[in-house]
Amino acid sequence: PNLNPNPNPNIDAAQYEQKPNEIFPPEIAASTDRPDGVIWSRKTKTVVWIELTSPWEENMTTWHYKKMFNYNQIKIDAEARGWEVYPLYVEVACRGYVGKTFDYVKRVLGFTKAEARQLKQTMEYTALLCSYTIFNHRYTREWQEKAPLDVSQR
């Protein structure tokens with residue numbers, strides 16, 4: 001597998017003080033943990049982070065609480081520094097089921113009903129396609145590098 005932490009040079013957004021392999025933004029909270037995605041505004045002192053988990057359906061609740069526990073200290077520290085915190089935990093099961101936590105995510109991020117429906121369908125399809133690919137390659141010792149999956153034109 002490609003272990004390059006920044007395969008897309010566009011993600012390195014130095015003009016916004018973002019760097020590859022950077023830990024959690026230090027002005028928000030001191031942490032070596034880093035959620036999958038972080039959006040913040042210094043002006044409004046608001047931070048939103050997104051953490052994605054793809055468990056087996058029967059383990060969704062367990063993994064949801066594990067993720068909440070993992071990032072709880074960041075939330076406490078950020079709020080102590082005056083930040084408004086919106087931790088978003090998204091569970092998309094390996095067989096395509098999108099957890100109920102998505103309802104909160106779509107409200108916080110301000111998606112319309114149509115946008116949320118399309119995003120949910122795309123997440124379901126992507127999870128199924130990825131699980132199918134993993135299943136088909138279960139006996140492959142080394143995977144060849146491939147282009148990122150584009151499900152926008154399905």
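Which residues of α3 are buried? The legends below take up this question after a view of the whole chain, and they describe a predicted model.

**Figure 1. The whole protein chain, with its three helices and three strands.** Read along the sequence, these elements follow the pattern β-β-α-β-α-α. The chain has 154 residues, of which 27% count as buried, and about 11100 Å² of its surface is exposed, with carbon and sulfur atoms supplying 55% of that area. Among the contacts with a separation of 6 or more, 54% join residues that lie 24 or more positions apart in the protein chain.

**Figure 2. Helix α3 and the elements that cover its buried residues.** This helix runs over residues 113–136, which makes 24 residues, and it reaches 35 Å from its first C-alpha to its last, close to the 34 Å expected at 1.5 Å a residue. The buried residues of α3 are Ala116, Thr122, Met123 and Ala127, and what covers them includes β3 (84–91) and α2 (101–109). As background, an α-helix has 3.6 residues a turn, so residues three or four places apart point the same way.

**Figure 3. The largest nonpolar core, made up of 11 residues.** Its members are Phe24, Ile28, Ala29, Val47, Trp49, Tyr71, Ile74, Ala78, Trp83, Val85 and Tyr89. The elements that give two or more residues to this core are β2 (46–53), α1 (60–80) and β3, and α1 gives the most, with three residues. In soluble globular proteins, nonpolar side chains tend to be buried together.

**Figure 4. Ile74 and its contacts, with a note on a second core.** When its neighbours within four places in sequence are left aside, Ile74 is in contact with Phe24, Ala29, Ser31, Asp33 and Trp49. A second, separate core has 10 residues, including Leu88, Val92, Val98 and Val105.

**Figure 5. Ile28, a buried residue in the segment before β1.** Strand β1 spans residues 37–41, and Ile28 is found in the segment that comes before this strand. Ile28 counts as buried because its relative accessible area is 0%, whereas the cut-off for being buried is under 20%. Leaving aside its neighbours within four places in sequence, Ile28 is in contact with Trp40, Val47, Asp77, Ala78, Arg81 and Trp83. Although Ile28 and Glu79 are 51 residues apart in sequence, they are 8.6 Å apart in space, C-alpha to C-alpha.

Terms used:
Residues are numbered from 1 along each chain as its sequence is written. This is a predicted model: local features need pLDDT of at least 70, side-chain atom pairs count only at pLDDT 80 or more; totals for chains, interfaces and linings use all residues. Side-chain values use heavy atoms; hydrogens and water are left out. Helices (H or I, at least four residues) and strands (E, at least two) are DSSP runs, numbered from the N terminus. Buried means under 20% relative accessible area, exposed over 50%, partly exposed in between (1.4 Å probe, protein chains only). Contact means heavy atoms within 4.5 Å. Accessible areas come from the Shrake-Rupley method with a 1.4 Å probe; for residues, only the protein chains shown count as cover. The expected span of a helix is 1.5 Å times one less than its number of residues. A nonpolar core is a set of buried Ala, Val, Leu, Ile, Met, Phe, Trp, Tyr and Cys residues joined through side-chain atoms within 4.5 Å.
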